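I opened this entry to keep a record of what I looked up, beginning with one aromatic side chain and working outwards to the whole chain.

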Amino acid sequence: MSTSLFDLSGRTALITGSSRGLGRAIAEGMAKAGARIVINGTDPARVEAAVAALRAAGHAAKGAAFDVTDEAAVVAAFERLDAGAIAVDILVNNAGIQMRKPLVEFSSAEWRKVIETNLTSAFIIGREAAKRMIARGRGKIINIGSLASELARPTIAPYTAAKGGIKNLTRSMAVEWAASGIQANAIGPGYMLTDMNQALMDNADFNSWLMSRVPSKRWGRPDELVGAAIFLGSSASDYVNGQVIYVDGGMLAAM
Ligand code: NDP
């Protein structure tokens, strides 16, 4: 009973930005739970390496390298999946970038790049996935938010605006698509050990600030998102909609 609730066998999961980092960890975790995986990123070689690693571990995987900010490429990727009779049962909108500088120094082009990569892509890919999920009467959408969905920190204004947007885009998806059998939820990771945070991991001042701030007194590991991802991708969450689950070592709970 408890096993089948969280079983992803027979489901296909497209995880954007899964050639490395958190997306890759979610892909590996969902594969172990039985899902067929579609790996995405902009670099075809990195995508193929991730696909090869999953296959070597005995999992079903294929690659779909495209830039999530390129609407034509997104539409074409879904058409290729349709042509191969591959239905996306679980979409994880994970691809994202960070850019750090004082707000007064951001150009509008930099602002747009962060918003398009971290927020607009979730709308476009979510829309393409949902059209097909609505026709089938079921589907799971998991958007990757952040502590920045709730709180601001100096130097990451466009990212914070995008991640705040992810929280309410998730609610919009839930209220529009719930009656069609779709659950749209988000995961808000805390500070996790990935390439995106290399500059912070290397910064002694940041590390001491983080250790004073996060109740768990440590960084999060990418694989620690897997439990929440499997829950939100599985039947276990069939009546959970429009929520953000924070996986943050208790950070948002702390003064
Ligand atoms: P990484 O930088 O480690 O990995 C990013 C992934 O996204 C790569 O696979 C990259 O592939 C892909 N990617 C980036 N831009 C695009 C694009 N335009 N089109 C397609 N793929 C793209 O990031 P993380 O794993 O750390 O972050 C993943 C998500 O989690 C992001 O949304 C991030 O905001 C969020 N997050 C991360 C936290 C953390 O502490 N690390 C905390 C909270 C949220 P490639 O380079 O080949 O294109």
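**Aromatic residues around helix α8**

I began with phenylalanine 206, which at a relative accessible area of 4% is buried; I keep in mind throughout that the model is a predicted one. I then looked for its ring partner and found tryptophan 219, in a tilted aromatic pair with 5.9 Å from centre to centre and 45° between the planes. Phenylalanine 206 belongs to helix α8 while tryptophan 219 sits in the loop between α8 and α9 (226-233), so this pair ties together parts that are 13 residues apart in sequence. For tryptophan 219 I noted a relative accessibility of 10%, and it therefore counts as buried, the cut-off being under 20%.

I next asked how many aromatic pairs there are by the ring-centre rule, and the count came to six. One of them joins tyrosine 191 and tryptophan 209, whose ring centres are 6.2 Å apart and whose planes stand at 90°, so I entered the pair as edge-to-face. Tyrosine 191 lies in the loop between β6 (182-189) and α7 (198-201) and tryptophan 209 in helix α8, so that distant parts of the chain, 18 residues apart, are linked by the pair. On burial, I recorded tyrosine 191 as buried at 17% relative accessible area, whereas tryptophan 209, at 30%, counts as partly exposed. Taken together, Tyr191, Phe206, Trp209 and Trp219 form one aromatic cluster.

**Leucine 210**

Staying in helix α8, which spans residues 204-213, I moved to leucine 210. Is leucine 210 buried or exposed? Its relative accessible area is 1%, and because the cut-off for burial is under 20%, I entered leucine 210 as buried. Leaving aside residues up to four places away in sequence, I found that leucine 210 touches Tyr191, Trp219 and Met251; Tyr191 and Trp219 are also members of the aromatic cluster. I also checked a separation from leucine 210 to lysine 113, which is 97 residues away along the chain, and got 27 Å between the C-alpha atoms.

**Strand β1 and its neighbours**

I then turned to strand β1 (residues 12-15) and asked which of its residues are buried on each side. Thr12 and Leu14 are buried on one side, and Ala13 and Ile15 are buried on the other, so both faces of β1 are covered. In a regular strand the side chains alternate between the two faces of the sheet.

For the pairing, I found that β1 runs parallel to strand β2 (residues 36-39), with four bridges joining the two, and that alanine 13 has isoleucine 37 as its bridge partner in β2. Following the path between these strands, I noted that β1, helix α2 (residues 21-32) and β2 make up a right-handed β-α-β unit. β1 also pairs in the parallel sense with strand β4 (residues 90-93), over three bridges, and there leucine 14 stands opposite leucine 91.

**The chain as a whole**

Last, I collected the totals, starting with the secondary structure, which comes to nine helices and seven strands. The radius of gyration is 17 Å, which agrees with the value near 18 Å that a compact globule of 255 residues would have. Along the principal axes, the C-alpha atoms fill a box of roughly 50 × 45 × 40 Å. I noted that 47% of the 255 residues count as buried, and that the accessible surface comes to about 11,500 Å², with 56% of it belonging to carbon and sulfur atoms. Among the contacts with a separation of 6 or more, 72% are between residues 24 or more positions apart.

Key: Residues are numbered from 1 along each chain as its sequence is written. This is a predicted model: local features need pLDDT of at least 70, side-chain atom pairs count only at pLDDT 80 or more; totals for chains, interfaces and linings use all residues. Side-chain values use heavy atoms; hydrogens and water are left out. Buried means under 20% relative accessible area, exposed over 50%, partly exposed in between (1.4 Å probe, protein chains only). Contact means heavy atoms within 4.5 Å. Two strands pair if DSSP finds at least two bridges between them. A crossover is right-handed if, with the strands pointing away from the viewer, the path from the first strand over the helix to the second runs clockwise. The radius of gyration is taken over C-alpha atoms; the globule rule is 2.2 Å times the number of residues to the power 0.38. Accessible areas come from the Shrake-Rupley method with a 1.4 Å probe; for residues, only the protein chains shown count as cover. Rings of Phe, Tyr and Trp (its six-membered ring) pair if their centres lie within 6.5 Å; planes under 30 degrees apart count as stacked, over 60 as edge-to-face and the rest as tilted.
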